[in-house]
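Hello,

Here is the structure I promised to pass on. Please have a look at it first, and then read my notes underneath.

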Amino acid sequence: MAEYFVFDIAESLLRKLASFVCEEASRVCEVYEDIKGIKDTLSIVKGVLLDAEHKKEQRHGLREWIRQIQTVCLDAEDVLDGLECQNLRKQVLKASDSTRMKVAHFFSSSNSLVFRFRMAHQIKHVRRRLDKIAADGNKFGLERIDVDNRLVQRREVTYSHVDASGVIGRESDREEIIKLLMQPHPHGDGCGDESVCVIPIVGIGGLGKTTLAKLVFNDKRMDDLFQLKMWVCISDDFDIRQILIKIINSVSASDPAPTIALAHQENIKNFDIEQLQIVLKLKLSGQKYFLVLDDIWNDNRAKWIELKDLIKVGAVGSKILVTTRSNSIASMMGTVPSYVLEGLSMENCYALFNKWAFKEGEEKAYSNLVEIGKEIVKKCRGVPLAVRTLGSSLFLVFDLERWEFVRDHEIWNIKQNKDDILPALKLSYDQMPSCLRWKSKA
């Protein structure tokens with residue numbers, strides 16, 4: 001599939017082009033202006049990619065245009081990786097006292113003069129290709145779509161409720177997390193040198209980190225263990241003021257007098273951060289609390305420490321459970337080793353797929369589809385979101401050819417990173433009605 005998530009590929013390349021390391025390396029190799037030119041052109045192209053994806057079936061040649069953008073973006077990433085790698089190699093060489101290493105480097109293909117010449121040639125070639133592709137795109141009359149105005153954000157706001165009976169294969173993970181939460185602080189007053197223990201759940205998107213956190217949050221043992229429970233979805237925007245408001249509102253939501261709680265939530269919207277931290281301290285002081293911070297993307301340690309300093313006002317034994325896709329964020333926030341969430345077993349994946357692809361008991365009448373479903377599930381690599389999404393896309397579909405189409409689709413043959421679930425999600429996306437496709441882009 002040539003148009004395979006090209007918008008995301010372009011976005012990833014733009015982030016790399018904007019990085020400090022890339023800028024520093026491009027100046028050393030004297031290709032800064034070319035890198036800037038690639039970045040400017042790609043920003044323009046990215047703006048119309050969503051419209052191109054939407055219209056590719058109606059406009060002749062548009063699919064090939066999208067494929068060309070993908071190819072040049074991937075080639076550009078390879079070139080930039082080489083640029084950054086060379087920059088790192090130079091730093092290592094500079095720090096080394098080995099004359100032998102420096103002589104070997106001089107006569108190698110990594111020699112800075114040879115490398116700079118080759119790299120300049122490659123980058124200029126990428127720029128020319130991208131400029132031509134961008135110019136060719138003008139004939140399609142594509143409209144720019146602002147990402148910020150799309151109907152759905154990258155991730156919906158989560159909530160704490162879960163129907164535990166509908167969750168498959170996470171019982172042992174729930175027990176492991178609860179064991180961690182029930183452990184006393186290692187040094188009495190605090191978790192290590194910290195006054196609040198932070199337990200990260202880390203894993204790729206779609207594994208069910210949020211679902212696992214919900215199972216733990218709603219377990220009756222948590223009510224016995226903690227005086228307060230709070231659920232806050234963070235997602236993209238790590239705004240300290242907004243997070244404090246969410247935490248305070250989460251505490252207030254448990255108020256037995258709902259009218260008072262609602263009035264309180266309305267009032268604090270206009271508080272400044274000084275007033276908010278005073279209210280938060282009053283709410284949490286002396287309370288042994290359990291706080292879930294779901295879907296963390298912030299990798300700014302200074303922001304995390306600022307928030308942590310404001311919320312570590314509860315009683316000894318308070319715990320924070322965080323979910324994130326990033327190992328580095330988990331290490332930054334955690335005061336104990338991360339709980340690395342793994343994929344579901346094949347047996348659980350089959351059960352989950354059947355639950356979403358058929359009505360209860362219906363699969364017994366379609367043994368041929370069940371067998372194809374097992375082959376589809378194997379390609380989902382144990383990721384519940386991929387299994388569930390594909391199962392849902394085939395619900396009430398009993399056409400054998402449709403199931404075989406999903407199983408044998410060429411998108412599975414695309415080179416993937418480890419644990420990549422995009423093929424499964426893209427397949428289900430392609431099968432949506434066009435009105436739903438537009439709303440799901442995020």
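Below are my notes on the chain as a whole, three of its helix arrangements and a few single residues.

First, the ground rules. This is a predicted model, in which local features need pLDDT of at least 70 and side-chain atom pairs count only at pLDDT 80 or more, while totals for chains, interfaces and linings use all residues. Residues are numbered from 1 along each chain as its sequence is written, and side-chain values use heavy atoms, with hydrogens and water left out.

**The chain overall**

The chain has 20 helices and five strands; these are DSSP runs numbered from the N terminus, with helices being H or I of at least four residues and strands E of at least two. Of its 442 residues, 44% count as buried, where buried means under 20% relative accessible area, exposed means over 50% and partly exposed lies in between, using a 1.4 Å probe and protein chains only. Taking contacts with a separation of 6 or more, 81% of them join residues 24 or more positions apart; a contact here means heavy atoms within 4.5 Å.

**Helix α3 and K46**

How far apart are the end C-alpha atoms of helix α3? They are 35 Å apart, which agrees with the 34 Å that the 24 residues of α3 (residues 32–55) should span at 1.5 Å a residue. That expected span is 1.5 Å times one less than the number of residues in the helix. There is also a bend of about 35° in α3 at L49, the bend being the angle between axes fitted to the seven residues ending at a position and the seven starting there.

K46 is in α3 too. Is this lysine buried or exposed? K46 is buried, with a relative accessible area of 17%. Leaving out residues up to four places away in sequence, K46 touches F7, A10, E11 and L14. The C-alpha atoms of K46 and D8 are 9.1 Å apart, although 38 residues separate the two in sequence.

**α10 with α13**

The axes of helix α10 (residues 240–252) and helix α13 (residues 301–311) come within 11 Å and cross at roughly 35°. Axes are lines fitted to C-alpha atoms, for helices over the stretch in contact, and angles run from 0 to 180 degrees between N-to-C directions. This crossing is right-handed, meaning that the near helix is turned clockwise from the far one by less than a right angle, whereas anticlockwise would be left-handed.

On the α10 side the residues in contact are I240, I243, L244 and I247, and they meet K303, E306, L307, L310 and I311 of α13. By class, that gives seven nonpolar, no polar and two charged residues. The classes are Ala, Val, Leu, Ile, Met, Phe, Trp, Tyr, Cys and Pro as nonpolar, Asp, Glu, Lys and Arg as charged, and the others, Gly among them, as polar.

Also in α10 is S250, which is buried at a relative accessible area of 16%. Apart from neighbours within four places in sequence, S250 is in contact with K229, M230 and W231.

**α15 with α17, and G373**

Helix α15 (residues 346–357) packs against helix α17 (residues 384–393) at an angle of about 30°, with the axes 7 Å apart. This crossing is right-handed. C349, L352, F353, W356 and A357 from α15 meet P384, V387, R388, L390, G391 and S392 from α17. The class count for this contact is eight nonpolar, two polar and one charged.

F353 appears again in the surroundings of G373, a residue of helix α16: G373 touches F353 and W403, not counting residues up to four places away in sequence. G373 counts as buried, at 1% relative accessibility. Its C-alpha atom is 9.7 Å from that of V387, 14 residues away along the chain.

**Two backbone angles to look at**

Most residues other than glycine have a negative phi. D295, in strand β3 (residues 289–296), has a positive phi of about 65°, and D295 is buried with a relative accessible area of 6%. R381 has a positive phi of about 60° and sits in the loop between α16 (367–378) and α17. R381 is partly exposed, with a relative accessible area of 38%.

Best wishes
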